[in-house]
Amino acid sequence: MDNRITKSRLSNFFAYEWIALVAIAVCAIFLWELIYTMAGVRLTTGQQFKYYYDETLYSQNKETLRSTLIDDDTFSYDVLEISHEALTSEYNVLSTRLTVQEGDAIFTDIIPTAVEGSEYKARRANQMIDAYQMFAFEDLVESAKRYLFKFIDDTKVGNVAFDEAGDLMLTFDNLSAQKIKDNFLSRMRKDNRFRKDAEKEQGIKDETARIEKLCVEVLFLQTELEKDALRSEDDKYFYRYRRFEYSVNVGSEEDKASYTDEYAEEVEKSYGLKIENLVPATGQSKLKNTDYFMVRDSSYAQRGADDVVALIFDFESYQPDLQFETICFLNSLIRIFTETVQ
């Protein structure tokens, strides 16, 4: 049989089999992309930290703020992507983003707005707190303390229950290095960054540093919440709100019927960080909050950061180990805007 490759046979092959060659090439590219995607590092909900500027605000110097947060070592080693997004009334994608847990915080406003036929003053932040899953800061601190408590070293403090432990979990020296290591190895089991022994060893060091920093940050926010009780009303750092107050006063009759019982069970808590009050006690601020926040409505053009608050989304069930990066975020904002020029 004559199987020689000749110019004539090659010409005939490419003339009639080119479709098959293209199909093979496309399949090869698709297979390579599939392998690359499956083998690559996939960011979890917690490894992506994202904050929003609400449609009522101008997002001024947003890249500078992001860079400052990074320079301040706000987030731990396991936050691999930090981003922000400015929402607009024409293209407000917040609800869509939140359905896939894409978001950790949002800057919005607490400007009181008259409601027709009612003496109640509506606020944008109140509407959001009712509509979305938001963390009250007291609950955020309590949840973080429960998280840290699972690392408590029984050999040092005895076998105590959480409610009896006080603030033991806020002292890193009372935590177990072995428990921290075991938790790290468990949650990073499928993470391609930690396949080799040397990578795991470095990862354990970074994880230990993350937990140690979290102890400090939780105590910092808890202390600021306690200090706020002593501040005058005009100087308070935190915006307090009783959840579902907006819904029972402004919502439809159906909303009022749905939320009345839930509202009765709620108490006033700290839901927002008031950006306007983050100023140094004395001296000149290193960064001025008015350079970064401005209410969009033209009638408030000179208000600057007045009535701007930062709210925190509650996605703890989706990011149990990294939800508390939001505490570091709040604390960094406090430090950044209250720091004085040296």
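In this predicted model, helix H9 meets helix H12 through a set of residues from each side. H9 contributes Arg-210, Lys-213, Glu-217, Val-218, Phe-220, Leu-221 and Glu-224. H12 contributes Glu-325, Ile-327, Cys-328, Leu-330, Asn-331, Ile-334 and Arg-335. By residue class, this contact divides into 7 nonpolar, 1 polar and 6 charged. Asn-331 is the polar residue. The charged residues include Arg-210 and Lys-213 of H9 and Glu-325 of H12.

The geometry of the pair was also computed. H9 spans residues 197–228, and H12 spans residues 325–338. Their axes lie 9 Å apart. The helices pack at an angle of about 60 degrees. H9 and H12 are therefore oblique to each other. The crossing of H9 past H12 is left-handed.

A second site centres on Ser-270. This residue is found in strand E8, which covers residues 268–274. The relative accessibility of Ser-270 is 3%. Buried means under 20%, so Ser-270 counts as buried.

The side chain of Ser-270 takes part in polar contacts with Glu-138 and with Arg-240. The contact between the side chains of Ser-270 and Glu-138 is 2.9 Å. The contact between the side chains of Ser-270 and Arg-240 is 3.1 Å. Both partners also appear among the residues in contact with Ser-270 beyond four places in sequence. That list further holds Ala-136, Phe-137, Leu-225, Phe-238 and Tyr-239. Leu-225 falls within the 197–228 range of H9, and Leu-225 is in contact with Ser-270.

Terms used: Residues numbered from 1 in each chain as written. Predicted model: local features only at pLDDT ≥ 70, side-chain atom pairs only at ≥ 80, totals over all residues. Heavy atoms only, no water. Axes fitted to C-alpha atoms, helices over the stretch in contact; angles between N-to-C directions. Helix = DSSP H or I, 4+ residues; strand = E, 2+ residues; numbered from the N terminus. Parallel < 35°, antiparallel > 145°, perpendicular 65-115°, else oblique. Left-handed = near helix turned anticlockwise from the far one by under 90°. Contact = heavy atoms within 4.5 Å. Buried < 20%, exposed > 50% of the residue type's maximum accessible area, 1.4 Å probe, protein only. Polar contact = N/O pair within 3.5 Å; in protein donor to acceptor, adjacent residues only side chain to side chain.
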